[in-house]
Amino acid sequence: MCAATAAAAARQDAAEHPAAHRVGSALFYAGSSFLITVVNKTVLTTFRFPSYVCLGIGQMIATLVVLYAAKVSRTVQFPDVDRSVLFKVLPLPLLYVGNHITGLASTKKLRFDPFPALPALPALPALTRSLTGAAVFRSLPMFTVLRKFTILMTMTLEAYVLRRTFSKPLVYSVGTIVLGATIAASADLAFDAQAYAFILLNDAFTAAAGVCTKKKLGVEGLGKYGVLFYNALLIVVPTVLASVFTGDLREAVAFEGWAQATFVLCFLLSCFMGFVLMYSIVLCSYYNSALTTTVVGAIKNVAVAYIGIFVGGDYLFSWTNFLGLSICMLGGLVYSYLTFNNKPPESNAGTSELKLHATQDSKKSAPV
């Protein structure tokens, strides 16, 4: 009964939203995700801004300012501050804190330059440098490979939390993406346990936040803008206090780059793009699913990896890695075709359906 209900809900979701909205929101998210990667990498490595936590705080404050101004001008509507509304948003803010911090931390640890005396290169993600002196390279393309495991985590969480079911072709396309990521990662010659730990933690938080966002969008009295605003509101205060306790805020305030107009512009752009990215995630999840949002991000990341092969020189090329990236792209394109070809991403196709949600069989068969 649960499987039939989930499949029916998926078909209804697809019918409610036109294909143009679904595809448009996916493209909007892909573009926003790419641009914020460029800007964040520029702020954290090219200008060597010392605190990714404070950069995240700036992005949260920008979200609050933009949405509140839009509410005052009656451009958008969401409920006023109320205790019941705040409780409705939980635990999404906690997941976003983890996602924000681990995401910015993994971005900062993408690449270390063994020649710290050299000046910073132009503001492209594959060309930026950081001043650490460690003789190890960690490339942006390798970051994009490890991010693919978010897809598998998201599918698992959707099955258990949202009781979703997935067609066999869709499951196979996701498996192809993960297989390609595994093959590509097996050829990585710049292994670093700390950097990879941040990325995998970011995967887990991203998957959990995506599924929780999709669930909260269905809560009465919140809406897209309410989820965004109150999520940021509950995040920003404890994050500021944490930055004071850890000394991040002091380092950020004492940063010498505040006297440079170029850095200030990049910092403000990063803050605004933080709002744009969070809005695009909510929009894509609203019109599609958490899994589709995750796959769109994966396809974007593979495209960035291909660019990194030809631009920048920090990509450690190997045929195994290139083959893995190509398999990822193939799986992503197949998923996109199945999802946006006038069909819902989760369908009830009789015997062709794989039921990935939890069952109560284990309880029934448990020994007495």
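The following paragraphs lead through selected helices and residues of this structure, which is a predicted model.

The helix α3 covers residues 52-72. At 1.5 Å a residue, its 21 residues should span 30 Å, and the C-alpha atoms at its ends are indeed 30 Å apart, so the expected and computed values agree. The N-terminal end of α3 is capped by S51, which places a side-chain oxygen 3.5 Å from the backbone nitrogen of V53. Just after α3, R74 adopts a positive phi of about 65 degrees.

V53 also appears in the surroundings of another residue, S243. S243 belongs to helix α10, which comprises residues 223-246. Leaving aside residues up to four places away in sequence, S243 touches V53, C54, I57, D248 and L249. The relative accessible area of S243 is 1%, and because buried means under 20%, S243 counts as buried.

Helix α2, formed by residues 19-46, contains L27. Is L27 buried or exposed? The relative accessible area of L27 is 59%, which is over the 50% limit, and L27 is therefore exposed. Although L27 and C284 are 257 residues apart along the chain, their C-alpha atoms are separated by 8.8 Å. In contrast to L27, which is exposed, C284 is buried, with a relative accessible area of 0%.

Another cysteine, C266, has a relative accessibility of 17% and also counts as buried, because this value is under 20%. A disulfide is a covalent bond that joins the sulfur atoms of two cysteines. How many disulfides does the model contain? With a cut-off of 2.5 Å between cysteine sulfur atoms, the count comes to zero.

Conventions: Residues numbered from 1 in each chain as written. Predicted model: local features only at pLDDT ≥ 70, side-chain atom pairs only at ≥ 80, totals over all residues. Heavy atoms only, no water. Helix = DSSP H or I, 4+ residues; strand = E, 2+ residues; numbered from the N terminus. Buried < 20%, exposed > 50% of the residue type's maximum accessible area, 1.4 Å probe, protein only. Contact = heavy atoms within 4.5 Å. Expected span 1.5 Å × (residues − 1). Polar contact = N/O pair within 3.5 Å; in protein donor to acceptor, adjacent residues only side chain to side chain.
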